[in-house]
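Here is a short briefing to read alongside the model. Take a moment to look over the sequence and the fold, and then follow the notes below topic by topic.

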Amino acid sequence: MTSYFDEHNCQPLESGEEPNHLLDLARLLLDSGIGAQFQLEFERIFGNVDGRKQPPAAKHIIENLPLINYFNNDEKCSICLKEFQLNLTTELPCHHKYCKICIIEWLKLVNSCPMCRIEFETDDKDYEEYKKQKQRLKQRQVELDDLHNSMFS
Ligand SMILES: [Zn+2]
Ligand SMILES: [Zn+2]
C-alpha cells in the first residue's frame, strides 16, 4: 500500500502545512492496525520533532472521554469517515468529535488531536517538563522580540 506521504513526497510537520496528514495517519492506523507501514509513518511524523517523540495522552484523559449524543447528517468522523453514531461519539477538549473507538486508538499513541494538533496532557513527566521549557523559550523569544521592536521602532 502506498501512503499519502509517498504519493506526495512531502515532509510532514513543516510550518503552515495542512493538518490532514495526521488524519491520514490516524486512518492508516485503523485500516491496517499498527503494522509496519503505520509505524514507519508514525516515526516520520512524531520521531523528529526536536528529537522528541510525542507520548500518548494521559490515561485519565483517555479513560474519561465523554460519550455524547451527537448526530449530524453532514458531519462524519474524520478518522473512519463514517457517520457519527448516537452514544458512540466523543468530543475532545478542543471540541473536535470522533467515534470514541477511533480516537482512543489514536490517543494511546500520541497526545494530540489529529485535526487541530492541540496537545493534551501526558503521563510522561520528562515530556511535560520538555513542554514547559519549550513554552518558556517561546515566551522569552516573544519578550525579546518586543524589546527589540520597542528599541528599534
Ligand atoms: Zn470513526
Ligand atoms: Zn481538535
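**Cysteines without disulfides**

The structure holds zero disulfides. Keep in mind that this is a predicted model. The notes start with the cysteines, move on to a zinc site, and end with the nonpolar core and a residue beside it.

**Cysteine exposure**

- A disulfide is a covalent bond between the sulfur atoms of two cysteines, and the count of such bonds here is zero.
- C80 is partly exposed, at a relative accessible area of 24%.
- C94 counts as buried because its relative accessibility, 17%, falls under the 20% cut-off.
- C116 is partly exposed, with 34% relative accessible area.

**The zinc site (ligand 2)**

- Which protein atoms are the donors of the zinc ion (ligand 2)? They are SG of C94, ND1 of H96, SG of C113 and SG of C116, and they lie 2.0 to 2.4 Å from the ion.
- The site is tetrahedral, with angles of 107 to 112° among the four donor atoms.
- Along the chain, the donors of this zinc ion follow the spacing C-x1-H-x16-C-x2-C.
- C94 sits in the loop between β1 (89-91) and β2 (97-99), while C116 sits in the loop between α5 (100-107) and α6 (125-152), so this pair ties together parts that are 22 residues apart in sequence.

**The largest nonpolar core**

- In soluble globular proteins, nonpolar side chains tend to be buried together.
- The largest nonpolar core here has 33 residues, and L92, W106 and L107 are the ones that touch the most other members.
- At least two residues of this core come from each of α2 (20-32), α3, α4, β2 and α5.
- Which helix gives the core its largest share? That is α2, with six residues.
- Beyond its neighbours within four places in sequence, L107 is in contact with P56, A57, I62, L65, L92, S112 and F120.

**A57 and its surroundings**

- A57 belongs to the loop between α3 (36-46) and α4 (59-63).
- Is A57 buried or exposed? A57 is buried, because its relative accessible area of 6% is under 20%.
- Not counting residues up to four places away in sequence, A57 touches I62, L107, V110, N111, E121 and T122.
- One of these contacts, T122, is 65 residues away from A57 along the chain, yet the C-alpha atoms of the two are separated by 4.6 Å.

Key:
Residues numbered from 1 in each chain as written. Chains lettered and ligands numbered in written order. Predicted model: local features only at pLDDT ≥ 70, side-chain atom pairs only at ≥ 80, totals over all residues. Heavy atoms only, no water. Helix = DSSP H or I, 4+ residues; strand = E, 2+ residues; numbered from the N terminus. Buried < 20%, exposed > 50% of the residue type's maximum accessible area, 1.4 Å probe, protein only. Contact = heavy atoms within 4.5 Å. Disulfide = S-S within 2.5 Å. Donors = N, O, S within 2.8 Å, 3.2 Å for Na, K, Ca; no water. Tetrahedral: all angles 85-135°; square planar, octahedral: opposite > 155°, others 65-115°. Core = buried A, V, L, I, M, F, W, Y, C linked by side-chain atoms within 4.5 Å.
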